[in-house]
Amino acid sequence: MSNRVVCREASHAGSWYTASGPQLNAQLEGWLSQVQSTKRPARAIIAPHAGYTYCGSCAAHAYKQVDPSITHKDEFTIIPVLVGALSESKEQEFGKLFSKYLADPSNLFVVSSDFCHWGQRFRYSYYDESQGEIYRSIEHLDKMGMSIIEQLDPVSFSNYLKKYHNTICGRHPIGVLLNAITELQKNGMNMSFSFLNYAQSSQCRNWQDSSVSYAAGALTVH
């Protein structure tokens, strides 16, 4: 059997992030150096996945919470999981399936998701005038969802999405994660989730504007 390692080409180098390795390392280290780590390492994180110019500083708040003993290993395995449009029952089913892996302290779950995609190009323009400027309404909408995630309540999160249709691109993997946590809580595991940073790509003030929201958070076990 061949031991040849197949490397995927960095297709977004030079567009979503710099094509220079040393410059990229310097940028990542710079963002991470500006963030404090919590006392407990994360068992799971939610982090944005846009171009680093837009979300790098926000994402650093999540990745800073990763146990250094994991990131400094000479060998580790990354298992990508592509999550499509799941029903609530399927999110519950897969949450139960993944719960035993979430319980293992040697594993780290990374949920890749941006939050609200607002504007005509995203076909989403929810606006609560009571919040003032459009970008304030977007922030209020996002933080409603973030608060529900912090409550670790998959049913309330699903109801929130049904009511507001917020364009959170990782809503289904977030739903799977919340259901996995619920399964572990049934078995007495004490966990908490906290969002550590929130940002927007731009501040929308009129109907021609558009923006994407970013949020970074971490799940810890007590």
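**Note on cysteines and the H4/H7 packing**

1. The sulfur of cysteine 169 lies 10 Å from the closest cysteine sulfur, which belongs to cysteine 55, and this is too far for a bond. The cut-off that applies here is 2.5 Å between the two sulfur atoms. As for solvent access, cysteine 169 has a relative accessible area of 36% and is therefore partly exposed. The model under review is a predicted one.

2. A search covering the whole structure returns zero disulfides. Cysteine 116 likewise takes part in no disulfide, the nearest cysteine sulfur being that of cysteine 204, at 8.3 Å. Cysteine 116 counts as buried because its relative accessibility is 0%, whereas cysteine 169 is partly exposed.

3. Turning to the helices, two packed helices are described by the angle between their axes and the distance between the axes. For helix H4 (residues 88-102) and helix H7 (residues 171-186), the angle is about 60° and the axes are 7 Å apart. H4 and H7 are therefore oblique to each other. Their crossing is right-handed.

4. Which residues of H4 meet H7? On the H4 side they are Glu91, Gln92, Phe94, Gly95, Lys96, Phe98, Ser99 and Leu102. Their counterparts in H7 are Arg171, His172, Gly175, Val176, Leu177, Asn179, Ala180, Ile181, Glu183 and Leu184. Sorted by class, the contact of H4 with H7 comprises eight nonpolar, six polar and four charged residues.

Definitions and conventions. Residues numbered from 1 in each chain as written. Predicted model: local features only at pLDDT ≥ 70, side-chain atom pairs only at ≥ 80, totals over all residues. Heavy atoms only, no water. Axes fitted to C-alpha atoms, helices over the stretch in contact; angles between N-to-C directions. Helix = DSSP H or I, 4+ residues; strand = E, 2+ residues; numbered from the N terminus. Parallel < 35°, antiparallel > 145°, perpendicular 65-115°, else oblique. Left-handed = near helix turned anticlockwise from the far one by under 90°. Contact = heavy atoms within 4.5 Å. Nonpolar A, V, L, I, M, F, W, Y, C, P; charged D, E, K, R; others polar. Buried < 20%, exposed > 50% of the residue type's maximum accessible area, 1.4 Å probe, protein only.
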